[in-house]
Amino acid sequence: MLNGYYNPYYYDPTYILVIAAFLLSAIASFGVKITFARYSGVRNTRGLTGADAAKYVLSAGGVNGVRIERVSGNLTDHFDPKAGVIRLSDSTYASTSVAAVGVAAHEAGHAIQHDTGYVPIKLRNGMVPVVNIGNVMSMPVFMLGLILGRPNLAMIGVILFSGVLVFQLLTLPVEFNASIRAMRILRERDLLGHHELPKAKKVLFAAAMTYVAAVAATALQIIRLLGLLNRRRR
């Protein structure tokens, strides 16, 4: 603080929260990469590719009209509800590994959610435009409030950023539910053997932990912002 105004060069002990948030995200990201790499070397006994698995899961879920396409990259798999497309990465699409089958089935699980009107995914998707705006505007508004000595303006920045946390919290049931749907179909349709199912589940669990870590990291960021704001009000 200098003359009552926010000094961006002032030592800020709340940076420990930034470091903690970074470490949580890094550990979760490292975990999913290691787990995926480990089970990418385990070929499933039926010889199904990731694309095959996605097709079978979609069929079992009664979903029609969803295309399965290949996209470049590693672990860039996703379901695009607007285009009606499941995009599987190079490491998943043609791979016959247990990891690839699990990931592809998970993305098909999202397509089933969309097709059946799963409420959390509808709420999450509906929040996307608002969250994007809030994510862009939150930090500039917050910093402007601190610099001008306007705590109420800074608080608006915190509220805008809190929308990201709400979005991430809604993402958790969406991700866990997609994995539950995928694993159930893989088991019921005997797409993976009994000894292979736990391995696919480990891959999906590791992926889910990245979303849990994101929630924790965002919560820590909000705590930090509130801490900075509280110091400014003193």
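**Figure 1. Order of helices and strands along the protein chain.** Read along the sequence, the elements of this predicted model follow the pattern α-α-β-β-β-α-α-α-α. The protein chain has 6 helices and 3 strands. Its C-alpha atoms fill a box of roughly 70 × 35 × 25 Å along the principal axes.

**Figure 2. Contacts and burial in the protein chain.** Of the contacts with a separation of 6 or more, 72% join residues 24 or more positions apart. Buried residues account for 42% of the 234 residues.

**Figure 3. Surface and charges of the protein chain.** The exposed area is about 12200 Å², and carbon and sulfur atoms supply 63% of it. The chain carries 24 positive and 12 negative charges. The mean positions of these two sets are 10 Å apart.

**Figure 4. Helix α1, residues 15–40.** The end C-alpha atoms of α1 are 37 Å apart. This agrees with the expected span of 38 Å, because the helix has 26 residues at 1.5 Å a residue. The buried residues in α1 include A21, A28 and V32. Further along, T35, F36 and Y39 are also buried.

**Figure 5. Helix α3, residues 98–116, and the residue that follows.** With 19 residues at 1.5 Å a residue, α3 should span 27 Å. Its end C-alpha atoms are 27 Å apart, which agrees. In α3, 16 of the 19 residues are buried, so the helix is largely enclosed by the rest of the structure. Just after α3 comes G117, which takes a positive phi of about 70°.

Terms used:
Residues numbered from 1 in each chain as written. Predicted model: local features only at pLDDT ≥ 70, side-chain atom pairs only at ≥ 80, totals over all residues. Heavy atoms only, no water. Helix = DSSP H or I, 4+ residues; strand = E, 2+ residues; numbered from the N terminus. Buried < 20%, exposed > 50% of the residue type's maximum accessible area, 1.4 Å probe, protein only. Contact = heavy atoms within 4.5 Å. Areas by Shrake-Rupley, 256 points an atom, 1.4 Å probe, with all protein chains shown as cover. Lys, Arg positive; Asp, Glu negative; His and termini not counted. Charge placed at Lys NZ, Arg CZ, Asp CG, Glu CD. Expected span 1.5 Å × (residues − 1).
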